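Visitor: I would like to see how the labels on this model are justified. Please set each value against its cut-off.

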Amino acid sequence: LRMDSISLVMFSREGCHLCDDAWEVITQSTSDFSNVEISHRMVSENPEWEAAYTDSVPVVLINDAWHSQWRVDADSLREALVSAGARISGESE
């Protein structure tokens, strides 16, 4: 992660249609940001994640802070990212 990068993490599990929908919203909503680092983690990869998030997936964290669960709203996601310091590609650094 670059120093000015914004971290967005989505936790999901296999066979979760809400997770698939959320991932689509995330990838489309963040495509024009230059400093947002997206990662997709399966709760099954880590017992702590499984314990914390299994009943709530998809769970989205921005800079390790809870943003949403179950459904991702594109507008509120973009607002939260901009508030966290996300920049649209082409904006001055």
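The exchange below goes through salt bridges, burial and strand pairing in a predicted model.

Visitor: What makes R87 and D4 a salt bridge?

Guide: The closest N and O atoms of R87 and D4 are 2.6 Å apart. The cut-off is within 4 Å, so the pair qualifies. R87 lies in the segment after α3 (74-84) and D4 in the segment before β1 (6-12), so the bridge ties together parts 83 residues apart in sequence.

Visitor: Why is R87 called buried?

Guide: R87 has a relative accessible area of 13%, and buried means under 20%. Its partner D4 comes to 30%; that value falls between 20% and 50%, so D4 is called partly exposed.

Visitor: How many salt bridges does the rule give?

Guide: The count comes to two. The other pair is D32 with R78, whose closest N and O atoms are 2.8 Å apart, again within 4 Å. D32 sits in the loop between α1 (17-30) and β2 (36-42), while R78 belongs to helix α3, 46 residues away in the chain.

Visitor: Why are D32 and R78 called partly exposed?

Guide: D32 has 29% relative accessibility and R78 has 24%. Buried would need under 20% and exposed over 50%, so neither label applies and partly exposed remains.

Visitor: How do you know that β1 and β2 pair?

Guide: Seven bridges join the two strands, which run parallel. Pairing needs at least two bridges, so the condition is met. One of the contacts sets F11 against R41 in β2. The chain passes from β1 through α1 to β2, and this β-α-β crossover is right-handed.

Methods: Residues are numbered from 1 along each chain as its sequence is written. This is a predicted model: local features need pLDDT of at least 70, side-chain atom pairs count only at pLDDT 80 or more; totals for chains, interfaces and linings use all residues. Side-chain values use heavy atoms; hydrogens and water are left out. A salt bridge is a side-chain nitrogen of Lys or Arg within 4 Å of a carboxyl oxygen of Asp or Glu. Helices (H or I, at least four residues) and strands (E, at least two) are DSSP runs, numbered from the N terminus. Buried means under 20% relative accessible area, exposed over 50%, partly exposed in between (1.4 Å probe, protein chains only). A crossover is right-handed if, with the strands pointing away from the viewer, the path from the first strand over the helix to the second runs clockwise.
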